Amino acid sequence: MAESPVKAEITAAVWKIEAGPGTRVAEGDAILLLESMKMEIPVAAPRSGRVKAVHVAEGDLVEEGQVVATLEH
């Protein structure tokens, strides 16, 4: 099975994890929500697959470009 990294597009705090390991997602589904300046920013699956791992926890601060999850497809 191939894997794809899921990256944060901005520096922000992880507000809520929407899809944990083992969850099937479609392209565009939110895997987690980031919070920056009182705005919620979804981090979406770049393709359909299954969430293999989430590399962050709610409340963590992530940097732009940081890998926050891995998808299997």
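**Exercise 1. Work out the strand order of the open sheet that contains β1, and find its edges.**

Start with the order. In this predicted model, the sheet has 4 strands, arranged β1-β8-β6-β3 with antiparallel pairing. Next, look at the two ends of that order: β1 (3-7) and β3 (24-25) each have a single partner strand, so one side of each is left without a neighbour in the sheet. Now zoom in on one pairing. β1 and strand β8 (residues 67-72) run antiparallel and are joined by 5 bridges. To fix the register, take serine 4: its bridge partner in β8 is leucine 71.

**Exercise 2. Do the same for the open sheet with β5 and β7, then trace its pairings.**

Here the order of the 4 strands is β5-β4-β2-β7, with antiparallel pairing. The edge strands are β5 and β7 (61-62), and each of them pairs on one side only.

Step along from the β5 end. Strand β4 (residues 30-36) is joined to strand β5 (residues 39-44) by 6 bridges, and the two run antiparallel. Within that pairing, glutamate 35 sits opposite glutamate 40 in β5. The connection is a hairpin with 2 residues between β4 and β5. Check the turn too: methionine 37 has a positive phi of about 55 degrees.

Then move on to strand β2 (residues 12-17), which pairs with β4 over 4 bridges in the antiparallel sense. A handy register marker is isoleucine 17, which stands opposite leucine 32 in β4.

**Exercise 3. Describe the largest nonpolar core and say which elements build it.**

First the size: 18 residues belong to this core. Then its best-connected members: Val6, Leu34, Val56, Val62, Val68 and Leu71 have the most contacts inside it. Finally the sources: β2, β4, β6 (49-54) and β8 each give two or more residues.

Pick valine 56 and follow its contacts. Setting aside neighbours within four places in sequence, valine 56 is in contact with Val14, Ile17, Leu32, Val62, Gln66 and Val68. Two of these names, Ile17 and Leu32, came up before as the residues that stand opposite each other in the β2 and β4 pairing.

**Exercise 4. Is proline 5 buried, exposed or partly exposed, and what does it touch?**

Locate it: proline 5 is in strand β1. For the burial class, the cut-offs are under 20% for buried and over 50% for exposed. Proline 5 has a relative accessible area of 48%, so it counts as partly exposed.

Now the neighbours. Not counting residues up to four places away in sequence, proline 5 touches Pro46, Val67 and Ala69. Leucine 71 makes a good distance check: proline 5 and leucine 71 are 66 residues apart in sequence, but 6.4 Å apart in space, C-alpha to C-alpha.

**Exercise 5. Summarise the whole protein: what are its elements, and how does its radius of gyration compare with a compact globule?**

Count the elements: there are 0 helices and 8 strands. From the N terminus on, the order is therefore simply β-β-β-β-β-β-β-β.

For the radius of gyration, a compact globule of 73 residues would have a value near 11 Å; the protein has 11 Å, so the two agree. Put the box beside that: the C-alpha atoms fill roughly 35 × 15 × 15 Å along the principal axes.

Then turn to burial and surface. Buried residues make up 33% of the 73 residues. The protein exposes about 4,300 Å², and carbon and sulfur atoms supply 50% of that.

Last, the contacts: of those with a separation of 6 or more, 58% come from residues 24 or more positions apart.

Methods:
Residues numbered from 1 in each chain as written. Predicted model: local features only at pLDDT ≥ 70, side-chain atom pairs only at ≥ 80, totals over all residues. Heavy atoms only, no water. Pairing = 2+ DSSP bridges. Core = buried A, V, L, I, M, F, W, Y, C linked by side-chain atoms within 4.5 Å. Buried < 20%, exposed > 50% of the residue type's maximum accessible area, 1.4 Å probe, protein only. Contact = heavy atoms within 4.5 Å. Rg over C-alpha atoms; globule rule 2.2 N^0.38 Å. Areas by Shrake-Rupley, 256 points an atom, 1.4 Å probe, with all protein chains shown as cover.
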